[in-house]
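Me: Got a minute to go through a model with me? I'll throw up the sequence and structure.

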Amino acid sequence: MKLAIINYGVGNINSVFNSLYKLTNNVKVIENPNEIREFDKVVLPGTGSYASSINILKKNNWFQEIKDFVEIKQKYILGICLGMQLFSKIGFEDKKSNGFNFIDGEVKSLLSMGCDHRLPLIGWNDIIFKKKSNILKDVNNLSDVYFVNSYSLIPKKKDIILTLSNYGIDFVSSIEKDNIIGTQFHPEKSSYTGRKILENFINA
Amino acid sequence: MLKKRIIPTLLYNNISLVKGKNFDNWRSVGSPITSMKIYNLRDVDEIYFAFIKNKDSLFDFEFLKHLSLECDVPLTIGGGIRSLMDVDEILKSGADKISVNTSALENPNFVKEIVNKYGSQQVVLSVDFKRINNELYCFSNSGKKQTNVKLIDWIIEAQKLKVGEIILCSIDFDGTMKGFDLDALKKIIKHVEIPIIISGGAGSKEDILEVFKLDVSAVSISSLFHFTEITPKEIKDFLNTNNIPVRL
């Protein structure tokens with residue numbers, strides 16, 4: 001199994017790489033969209049804003065390569081934080097923009113969803129299991145994981161929701177739809193719970 | 001429910017970790033990599049690592065890579081960040097967030113540049129303040145230089161610059177271990193909508209409980225861990241029995 005981390009130019013690839021490398025030697029950071037074809041699974045990290053990230057992905061030809069990888073080749077992808085949010089149909093951060101459309105749903109601010117707590121949401125929060133999945137194998141319900149976000153994915157179909165979390169309001173903290181997995185939290189920064197989830201993705 | 005965070009703070013002078021009192025009288029308190037390993041084993045919530053260095057000296061990015069490799073929880077790096085290039089390299093070296101103080105006071109636009117490039121969530125504004133004639137003023141250059149910027153004004157402005165968090169450190173209370181500067185905190189807390197990390201003065205578990213009764217997101221702790229036997233776990237157990245949500 002060959003695993004790639006997509007580096008499209010923004011954010012912190014190193015901590016994702018470090019945590020995966022501790023689990024497998026078969027992980028590589030790729031910066032060229034064509035390279036993706038040689039891999040079996042990819043991780044799409046993300047920081048920055050929805051609109052600007054989609055822009056960069058499109059400009060650098062990542063967008064179509066990732067779409068083919070996921071939709072045509074049906075290979076596994078793990079989106080982390082903004083990486084997961086980009087799987088949606090539409091995002092409303094900065095301005096309205098279209099995402100990968102792997103998941104029918106929208107990305108909206110926690111504020112607009114009714115959250116009245118301090119934002120961004122930063123820190124450890126528990127994940128409430130909504131369904132069984134191999135991705136959550138050996139992870140306990142209500143484990144704490146690390147979040148950093150102001151926006152949240154709202155999927156139309158609730159059956160893809162793996163876990164919810166609560167910050168004044170309930171929001172989706174992880175999803176799974178066939179070969180598409182996403183976590184709003186940062187498994188690479190979530191100590192043993194995060195490590196387990198990454199391990200489960202590697203073994204998926 | 002979101003948990004209150006306990007953040008050990010490590011100050012590094014490019015030779016060893018140090019800890020002072022009122023930003024002065026520095027004592028050496030051990031090696032950075034060893035300390036990082038220990039905190040990581042103890043599964044703290046996050047680590048704040050700050051350089052106390054000459055503004056012209058350069059960051060050792062290889063050292064930072066080594067350091068971040070030892071850290072399984074979020075790592076914030078601060079101290080002497082002057083340019084967007086510093087930020088790029090520090091984040092590439094494995095840090096999760098950066099903190100700015102002096103460079104932000106000198107040029108608020110710099111904060112905007114970082115936020116535009118990386119997003120609010122990776123930018124922590126570090127604010128060191130002190131009482132002068134009963135007014136709270138911001139200090140720059142590791143507490144060495146008084147500015148004419150009032151604490152409240154700066155905090156309001158910084159939120160407009162869209163920093164993600166604010167770490168507030170009372171120079172008067174730093175290293176004294178006599179409890180946090182609650183008076184100052186109460187004055188400013190209503191002006192802050194983003195997460196607040198409070199720093200300076202933690203001397204007991206009770207001090208930390210007291211501060212968490214206010215709407216504070218995290219505490220930064222240095223002397224208490226360097227100079228006493230109290231562990232992060234002990235603090236968390238104590239907070240937990242007092243109904244403060246923590247990650248156990």
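Reply: Sure, let's chat through the interface, one residue and a sheet. Before that, this is a predicted model: local features need pLDDT of at least 70, side-chain atom pairs count only at pLDDT 80 or more, and totals for chains, interfaces and linings use all residues. Residues are numbered from 1 along each chain as its sequence is written, with chains lettered from A and ligands numbered from 1 in the order in which they are written.

Me: How many residues does each chain put into the contact?

Reply: Chain B gives 28 and chain A gives 24, where contact means C-beta atoms, placed from the backbone, within 7 Å.

Me: Which helices of chain B help out there?

Reply: α2 (61-69) and α3 (84-92) of chain B each supply at least two residues of the side touching chain A. Helices here are DSSP runs of H or I, at least four residues, and strands are E runs of at least two, numbered from the N terminus.

Me: Switching topic: is E46(B) buried or exposed?

Reply: Buried, because E46(B) has 24 C-beta neighbours inside 10 Å; the cut-off for buried is 20 or more, with exposed at 12 or fewer and partly exposed in between.

Me: And where is E46(B) in the chain?

Reply: In the loop between α1 (32-41) and β4 (47-51) of chain B.

Me: What does E46(B) contact beyond four places in sequence?

Reply: R5(B), I7(B), V73(B) and P74(B). I7(B) is 39 residues away in sequence, yet the C-alpha atoms of E46(B) and I7(B) are 5.2 Å apart.

Me: What's the strand order of the open sheet in chain A?

Reply: β2-β1-β3-β4-β14-β13-β12-β9, with mixed pairing; strands pair if DSSP finds at least two bridges between them.

Conventions:
Two residues are in contact if their C-beta atoms, placed from the backbone, lie within 7 Å.
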